Amino acid sequence: MSLLDIIVIGIGLSMDAFAVSLCKGISLKKMNWMGALLAGLYFGGFQALMPTIGYLLGSRFYRQIEKYDHWIAFVLLLLIGINMIRESFGEEEKRDADFSWKSMVPLAVATSIDALAVGVSFGLMAVTIAFAAAVIGCTTFLFGIAGVWIGHQFGTRFRASSERIGGIMLILIGARILIEHMFFS
């Protein structure tokens, strides 16, 4: 597998994290570069960790992981999205982008579940996992930071409905993961 192949896989895997980072940025009243860095670190770290775990688990557990990964991602993103929509109807003070580990870990796990299955397939293709995980993690790190910044630029112009849109995006991402695995795998 070439470097270009791994970069393309990294970009594809980072799209969910990018969308969630956009949602985080939309919720910001003022650009938070530390929050953007944390988003990049959480998402990039989990995107690097999950294929490594998948690689180590190997094909022995592939069937069990494949059966449920889409449901786990769907439920996590659905719950987070519903909560964002619910909070969007609250007072302005309640709207805030939480970059704490309690907020970020479930998002990072939900957006990196597919990377676990990719890691299993890497094991079957004899890919050098440390290199592949580093490329995927770095790619997602950059997309995470960019997503927060771009989301903030959008959110400052359209504050009224931006958090609802973010919640809907998360739900749609979860639904896409579920539909892809149920009908197109």
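Is Ser103 buried or exposed?

Ser103 is buried, with a relative accessible area of 17%; buried means under 20% relative accessible area, exposed over 50%, and partly exposed in between (1.4 Å probe, protein chains only). The model is predicted: local features need pLDDT of at least 70, side-chain atom pairs count only at pLDDT 80 or more, and totals for chains, interfaces and linings use all residues. Residues are numbered from 1 along each chain as its sequence is written, and side-chain values use heavy atoms, with hydrogens and water left out.

**Exercise 1. Describe the secondary structure of the chain and its share of buried residues.**

Solution. Step 1: take helices (H or I, at least four residues) and strands (E, at least two) as DSSP runs, numbered from the N terminus. Step 2: count them, which gives six helices and zero strands. Step 3: read the order from the N terminus, α-α-α-α-α-α. Step 4: of the 185 residues in the chain, 47% are buried.

**Exercise 2. Examine the span and the bend of helix 1.**

Solution. Step 1: helix 1 covers residues 3-26, which is 24 residues. Step 2: the expected span is 1.5 Å times one less than the number of residues, here 34 Å. Step 3: the first and last C-alpha atoms of helix 1 are 33 Å apart, close to that value. Step 4: look for a bend, the angle between axes fitted to the seven residues ending at a residue and the seven starting there. Helix 1 has a kink of about 40°, centred on Met15.

**Exercise 3. Trace the salt bridges of the structure.**

Solution. Step 1: apply the criterion, a side-chain nitrogen of Lys or Arg within 4 Å of a carboxyl oxygen of Asp or Glu. The structure holds two such pairs. Step 2: one joins the side chains of Arg176 and Asp16 at 2.5 Å, N to O. Arg176 belongs to helix 6 and Asp16 to helix 1, so this pair ties together parts that are 160 residues apart in sequence. Step 3: Glu180 and Arg176 also meet in a salt bridge, at 2.9 Å, N to O. These two residues are four apart in helix 6, which means a separation of about one helical turn. Step 4: combine the pairs into a network of Asp16, Arg176 and Glu180. Step 5: add accessibility. Asp16 is buried at 7%, while Arg176 is partly exposed at 34% and Glu180 is partly exposed at 31%.

**Exercise 4. Place Ser103, Trp101 and Gly35, and give a partner for each.**

Solution. Step 1: Ser103 is in helix 4, residues 101-125. Its side chain makes a polar contact with the side chain of Lys24 at 2.7 Å. (A polar contact is a pair of N or O atoms within 3.5 Å; within protein, one must be able to donate a hydrogen and the other to accept it, and residues adjacent in sequence count only if both atoms are side-chain atoms.) Step 2: Trp101 also lies in helix 4 and is exposed, at 56%. Trp101 and Tyr42 are 59 residues apart in sequence and 8.6 Å apart in space, C-alpha to C-alpha. Step 3: Gly35 is in helix 2, residues 33-57, and is buried at 2%. Gly35 and Trp149 are 114 residues apart in sequence, with 9.9 Å between their C-alpha atoms.
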